[in-house]
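Reader: I would like to go through the labels used for this model one by one. For each, I want the value and the cut-off behind it.

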Amino acid sequence: MNMLRADADVRLKALIFLLVAAALLSGCATNTAAPVAPTRHDVARSIEKVELIYNQEDQLIVTDGGGSGLTGFAGFLGPLAALVAISVDTNSRLTMAARTDQRSKEFTAAVKNSGVTMGLNRQFAERLAARLRDSGREVKLTPFFRATGEHAQMQVQELQPTPGYSTLILRITTSYGAADATSSFKPYVWVEQLLRDEKQSVVGQTLQVADLSEPTYLLYDGLLKDTAGAREGLKRGLDQIVQPAYVSLFGEDEPRKASAAAVTQTAGIDTK
C-alpha cells in the first residue's frame, strides 16, 4: 500500500509540473483544444462492449501564474501597492511548482475534511457509463490510477485490458487557476479520452474542456474556505461535458436494443 501511495504522489507531482508549465507558457488555460487524430466513428459505433477506465482519486489542483494571493487585493489599495505586490509575485514564480503542490494538497484536504462528498471523477465516469448503456452497450467500469503519457498514447500502468472489451481511457482533470498575479481563481475542467478496440488499436481520441466562468475567488483563502461551492463548480463543469464526450467519439445515435442485458461491473484497486 505504501508503494501505491508513493506512486500516486509521483503522478500528482507530474500533473502539477505540466499545469505549472502550461500556466507559465500561456498565462492561462483556454477552451481551445489541440488538434487530435480523427476518430473512426464507423468503428466506434460498431463497438458493443466497453471497459471504461478512469482515474479514481480526485486530485484538486490549485495553480496560479502570478504568485502570492495578496496581489488581487493590493489592486484595490492603489497602483503603487499593486506594483509592489506584482514585484513580489514575479520573484515567487521560481517557487510556483512548490506552491502549487502545497495548495493542491491543502485544498483537497479541506474539501475532504469539510464533509463535502468527493467522488467527482467517479460520478463523471458513472454518468458517461450510463450514456453508453443507453445506447445498448455493455459497460465495465474500472477505477484505477491516472493514465500517463501523451494523449494519443495514454496508458494505465499495471492494468491489463479485459479480453473481449474495447477500452475507453479517461484522464480527468479538475483544477482552479489564476492566469496571473491580478486575476481571480476560476475553475478549469477537462477530460481526455482515448478509445481502443479489442485488439488495442486506437479508434479515436478527444479532448473536452468545460466552459466555466464561475465560481471565482479573488484570494486563495476564499477558495479554501468555500469548499462546498468550489467543489460544486467543478461538478458543474464535469456534468457539462458528459454528452459532448460521448458524441465526440460515438456520434449522435438513437438508443439501440442491446444484444444482451447491459450491465456495469466494477473492478479496480482497494484505496482504503
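Reader: Why is F145 called buried or exposed, whichever applies?

Author: This is a predicted model, so the value is computed from predicted coordinates. F145 has a relative accessibility of 9%. Buried means under 20%. F145 therefore counts as buried.

Reader: Where is F145 found?

Author: F145 lies in the loop between β3 (138–144) and β4 (166–178). In sequence, F145 and Y54 are 91 residues apart. In space, their C-alpha atoms are 7.3 Å apart.

Reader: What makes Q157 buried, exposed or partly exposed?

Author: Q157 has a relative accessible area of 40%. Buried needs under 20% and exposed needs over 50%. The value falls in between, so Q157 is partly exposed. Q157 is also in the loop between β3 and β4.

Reader: What does the side chain of Q157 contact?

Author: The side chain of Q157 makes a polar contact with the side chain of T148, at 3.5 Å. The cut-off for such a pair of N or O atoms is within 3.5 Å. Q157 and A147 are ten residues apart in sequence, with 7.3 Å between their C-alpha atoms.

Reader: What makes the phi of E158 worth a remark?

Author: The phi of E158 is positive, about 70°, and E158 is not a glycine. Most residues other than glycine have a negative phi. E158 sits in the loop between β3 and β4. With a relative accessible area of 61%, against a cut-off of over 50%, E158 is exposed.

Reader: Which sign does the phi of Q200 have?

Author: Positive, near 70°, and Q200 is a residue other than glycine. Q200 is in the loop between β5 (186–196) and β6. The relative accessible area of Q200 is 26%. That is neither under 20% nor over 50%, so Q200 is partly exposed.

Reader: Why is L207 called buried, exposed or partly exposed?

Author: L207 is at 26% relative accessibility. That lies between the cut-offs of 20% and 50%, so L207 counts as partly exposed. L207 is in strand β6. L207 and Q193 are 14 residues apart in sequence, but 6.4 Å apart from C-alpha to C-alpha.

Reader: How do you know that the peptide bond between E214 and P215 is cis or trans?

Author: Omega is about 0° for the bond joining E214 and P215, and the bond is cis. Most peptide bonds are trans. P215 is in the loop between β6 (202–209) and α7 (220–225).

Reader: Now the helices. Why are α6 and α8 called parallel, antiparallel or something else?

Author: Helix α6 (residues 120–134) and helix α8 (residues 227–240) pack at about 20°, with axes 10 Å apart. Angles under 35 degrees count as roughly parallel. The pair is therefore roughly parallel. The crossing is right-handed.

Reader: Which residues make the contact between α6 and α8?

Author: L120, Q123, F124 and R127 in α6 meet R231, L234, K235, L238 and D239 in α8. By class, this contact has four nonpolar, one polar and four charged residues.

Reader: What makes α6 and α9 parallel, perpendicular or oblique?

Author: The axes of α6 and helix α9 (residues 242–250) cross at roughly 50° and come within 9 Å. Roughly parallel needs under 35 degrees, and roughly perpendicular needs 65 to 115. The angle fits neither range, so α6 and α9 are oblique. Their crossing is right-handed. From α6, the contact involves F124, R127, L128, R131 and L132. From α9, V242, Q243, A245, Y246 and F250 take part. Seven of these residues are nonpolar, one is polar and two are charged.

Reader: Why is T227 called buried or exposed?

Author: T227 is at 9% relative accessibility, against a cut-off of under 20%. T227 therefore counts as buried. T227 belongs to helix α8. Beyond neighbours within four places in sequence, T227 is in contact with A110, V111, S114 and V116. With S114 there is a polar contact between side chains, at 3.2 Å.

Reader: And for the protein overall, how many helices and strands are there?

Author: Nine helices and seven strands. Of the 272 residues, 47% count as buried. Among contacts between residues at least 6 apart in sequence, 78% join residues at least 24 apart.

Note on methods:
Residues numbered from 1 in each chain as written. Predicted model: local features only at pLDDT ≥ 70, side-chain atom pairs only at ≥ 80, totals over all residues. Heavy atoms only, no water. Axes fitted to C-alpha atoms, helices over the stretch in contact; angles between N-to-C directions. Helix = DSSP H or I, 4+ residues; strand = E, 2+ residues; numbered from the N terminus. Parallel < 35°, antiparallel > 145°, perpendicular 65-115°, else oblique. Left-handed = near helix turned anticlockwise from the far one by under 90°. Contact = heavy atoms within 4.5 Å. Nonpolar A, V, L, I, M, F, W, Y, C, P; charged D, E, K, R; others polar. Buried < 20%, exposed > 50% of the residue type's maximum accessible area, 1.4 Å probe, protein only. Polar contact = N/O pair within 3.5 Å; in protein donor to acceptor, adjacent residues only side chain to side chain.
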